[in-house]
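Hi everyone, thanks for making time. I'll walk you through one structure today, so have a look at it on the screen while I talk.

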Amino acid sequence: MLNDGQLTLSENVADLGGIAASLQVVSNMSNPDYKAYFERNAEMWKFTTTKELAAYLSKKDVHSANKIRVNCTIVNFPQFYETFGIKIGDGMYGAPEDRVSIW
């Protein structure tokens, strides 16, 4: 099941902005714990639903599915790659030229 990119665009941008802003705050800490940051972010979006509700939401909700909100957002930030040692060929790798930045 796919999300409708036109339907979710504004919220996808908001998710990118939220991660960018909160990563700026974490980066200014004396000893930033990016691993804890990314793990807590993923935990926050845990969600169990039925296939039927997920299918309905994918067509009606202005938010992407929670899994998308986590996985497709964090891959745009270098701290994610550095923290988890993500490299070319890894499943969550995205080439730098394909990463999205809103500011």
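**A walk through the model**

Let me start with the largest pocket: 18 residues line it, and Ala54, Ser64, Ala65, Asn66 and Lys67 are the ones nearest its centre. Keep in mind that what you see is a predicted model. The space in that largest pocket comes to about 410 Å³. Which helices supply at least two residues each to its lining? Those are α3, residues 51-60, and α4. The biggest contribution is from α4, which gives four residues.

Okay, let's step back to the overall picture. The protein chain has five helices and zero strands, so if you read along the sequence you get α-α-α-α-α. The C-alpha trace spans about 45 × 25 × 25 Å along its principal axes. There are 103 residues in the protein chain, and 26% of them count as buried. Now, take the contacts with a separation of 6 or more: 64% of those join residues 24 or more positions apart.

Here's one pair for you to find. Ala21 sits in helix α1 and is partly exposed, at 33% relative accessible area. Its C-alpha atom is 9.9 Å from that of Trp103, although the two residues are 82 apart along the chain.

Next, the inside. As a general point, nonpolar side chains in soluble globular proteins tend to be buried together. In this model, the largest nonpolar core has 15 residues, and the members that touch the most others are Leu23, Tyr37, Phe38, Phe77 and Phe80. Which elements give two or more residues to this core? They are α1, α2, α4 and α5. The largest share is from α1, with five residues.

Two of those names, Tyr37 and Phe38, bring us to helix α2, residues 34-44, where the buried residues are Tyr34, Tyr37, Phe38 and Asn41. Looking down the axis of α2, these buried residues fall within an arc of 90 degrees, so they line one face of the helix. The spacing helps to make sense of that: an α-helix has 3.6 residues a turn, so residues three or four places apart point the same way. And what do the buried residues of α2 pack against? The answer is α1 (5-27), α4 (66-74) and α5 (78-84). Tyr37 is a nice example: leaving aside neighbours within four places in sequence, Tyr37 is in contact with Ile19, Ser22, Leu23 and Val26.

Last stop, back on α4, with two residues to click on. The first is Thr73, which is found in this helix. Is Thr73 buried or exposed? Thr73 counts as buried, because its relative accessibility is 7% and the cut-off for buried is under 20%. Not counting residues up to four places away in sequence, Thr73 touches Asp15, Leu16, Ile19 and Ile68.

The other one is Arg69, also in helix α4. Arg69 is buried too, with 11% relative accessible area. What does the side chain of Arg69 make a polar contact with? That would be the side chain of Asp15, at 2.7 Å. Beyond four places in sequence, Arg69 is in contact with Glu11, Asp15, Trp45, His63 and Ser64. Asp15, then, turns up among the contacts of Thr73 and also among those of Arg69.

That's my tour, so over to you for questions.

Note on methods:
Residues are numbered from 1 along each chain as its sequence is written. This is a predicted model: local features need pLDDT of at least 70, side-chain atom pairs count only at pLDDT 80 or more; totals for chains, interfaces and linings use all residues. Side-chain values use heavy atoms; hydrogens and water are left out. Buried means under 20% relative accessible area, exposed over 50%, partly exposed in between (1.4 Å probe, protein chains only). The arc is that of the directions from the helix axis to the C-beta atoms. Contact means heavy atoms within 4.5 Å. A polar contact is a pair of N or O atoms within 3.5 Å; within protein, one must be able to donate a hydrogen and the other to accept it, and residues adjacent in sequence count only if both atoms are side-chain atoms. A nonpolar core is a set of buried Ala, Val, Leu, Ile, Met, Phe, Trp, Tyr and Cys residues joined through side-chain atoms within 4.5 Å. On a 1 Å grid over the protein atoms alone, a cavity is a set of points where a 1.4 Å probe fits but cannot get out, and a pocket is an open set with protein on both sides within 12 Å along at least five of seven lines; lining residues have an atom within 4 Å of a point. Grid points are joined across faces, edges and corners, and a volume is the space filled by probe spheres set on the points.
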